[in-house]
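Please look through the model shown below before reading on. The questions that follow it can be worked through one at a time.

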Amino acid sequence: MFNKNKKTQEIDKDQLELIQNAQHRIKQKKRLYTHFVIFLIGSILLILANVFFDIGKEVTLFGVNWFVYAIFIWLFLLLYHTFNVFVTHKFIGKEWEQKQLEKLVTLQQKRISELKEETHNSQTENSSEVKKNSKLTIIVAAGENDAIGKDNKLIWHLSDDLKRFKSLTNSHHIIMGRKTFESFPKPLPNRTHVVITRQNNCQVPEGVIIVNSLEKAIDIAKNDTPSFIIGGGEIYKQAMNFADKIELTRVHENFEADTFFPQIDTAIWKEISNTFHGKDENHKYSYSFLTYQKK
Ligand SMILES: NC(=O)c1ccc[n+]([C@@H]2O[C@H](COP(=O)([O-])OP(=O)(O)OC[C@H]3O[C@@H](n4cnc5c(N)ncnc54)[C@H](OP(=O)(O)O)[C@@H]3O)[C@@H](O)[C@H]2O)c1
């Protein structure tokens, strides 16, 4: 039922267009006819004015009276008008315009879909880039002067920072230097520890993985996304080249220390988030959680 209605509507629209076109052509031809009649009357009047009323009789060019030139110029304009009506408007008329418009629209649509595809491809590339880059994260807490430790211990106790460390690293590989590992009373639960040492007979509890280079540690954790570099100073320094993200807790105080975090080069790292926390009864110092992404 609905289809039937739709068809009738389309036919009406086509018919309307045909009628409008026909009306337009009729108007054009009428105007041409009027022009022809005016030309005939005008030409007769010009001849009468010159021949019978002697108007401008003395005005000649190459021995020919001016009205002859005037009639020829007018005739030329009339012919041009006729050409427009029967040739130009017939072949380069509305239909031609419509076809050109359709061609343009098709070309534009083609270009738009090409652009959409290009954008989609670059987005896919970017997202795979992000995926590729979010494999190795450095996690650290550092004072304003980049202090991170003293006498193989942390310098402060910030319970929210520890909670954040736990939640981010939970169930992931944590890569650390031998000294940092020794600073723990025991391995942290629910994480795979990868400890880096140059020693051949380093004794560690069962389940802890020992490797003799940072590259090997990264390779062991390569299928974990992300795996974490958790320190200390020596390992952070070497890992800056490999990591793609830094989760930094900036403690807003200068500390006396013997171990420091390397300076974050903002030409390489871009800050993507920053959350400030003030002091309270559980936090002796104010601090900010910052995330940096490699550019
Ligand atoms: N604030 C924080 O977020 C944070 C986090 C972690 C640690 N820390 C602090 O940082 C301090 C410890 O850092 P640290 O710099 O003294 O020591 P570290 O980086 O934890 O460990 C250094 C040890 O790692 C091994 N190592 C380093 N580079 C190696 C390589 N390329 N190949 C093989 N083994 C390598 C060596 O072990 P061997 O000597 O056995 O060969 C080296 O002595 C502590 O004070 C700790 O509390 C702070």
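The questions and answers below go from the whole chain to single residues.

This is a predicted model, in which local features need pLDDT of at least 70 and side-chain atom pairs count only at pLDDT 80 or more, while totals for chains, interfaces and linings use all residues. Residues are numbered from 1 along each chain as its sequence is written.

Q: How many helices and strands are there in the protein chain?
A: Helices (H or I, at least four residues) and strands (E, at least two) are taken as DSSP runs and numbered from the N terminus. Counted in this way, the protein chain holds seven helices and twelve strands.

Q: What is the order of the strands in the open sheet of eight strands?
A: Two strands pair if DSSP finds at least two bridges between them, and the pairing in this open sheet is mixed. Strand 7 (209–211) and strand 11 stand at the edges with a single partner strand each, so one side of each has no neighbour in the sheet. Read across the sheet, the order is 7-6-5-8-3-9-12-11.

Q: Which residue is the bridge partner of Ser273 in strand 12?
A: Strand 11 (residues 269–277) and strand 12 pair in the antiparallel sense over eight bridges. Strand 12 (residues 287–294) also pairs with strand 9 (residues 245–251), again in the antiparallel sense, over seven bridges, and there Val251 stands opposite Tyr287. For Ser273, the bridge partner in strand 12 is Thr291.

Q: Which strand gives the most to the largest nonpolar core?
A: A nonpolar core is a set of buried Ala, Val, Leu, Ile, Met, Phe, Trp, Tyr and Cys residues joined through C-beta atoms within 7 Å, where buried means that 20 or more other C-beta atoms lie within 10 Å of a residue's own, exposed means 12 or fewer, and partly exposed is in between, with C-beta atoms placed from the backbone. The largest core has 34 residues, of which Ile138, Val140, Ala142, Ile175 and Ile229 touch the most other members. With six residues, the element that gives the most to this core is strand 3.

Q: Which residues surrounding the ligand are the closest?
A: A residue counts as near a molecule if its C-beta atom, placed from the backbone, lies within 6 Å of it, and 28 residues surround the ligand. Among the elements that give two or more residues to this shell are strand 3 (136–143), strand 8 (227–231) and helix 7 (233–239). The closest residues are Gly149, Gly177, Gly231, Gly232 and Gly233.

Q: Where does Gly232, which follows a cis peptide bond, lie?
A: The peptide bond from Gly231 to Gly232 is cis, with omega near -5 degrees. Another cis peptide bond joins Thr225 and Pro226, and Pro226 lies in the loop between helix 6 (214–220) and strand 8. As for Gly232, its place is the loop between strand 8 and helix 7.

Q: Is Asp54 buried or exposed?
A: Asp54 is found in the loop between helix 1 (2–51) and strand 1 (60–61), and its phi is near 55 degrees, a positive value in a residue other than glycine. Because Asp54 has 9 other C-beta atoms within 10 Å, this residue counts as exposed.
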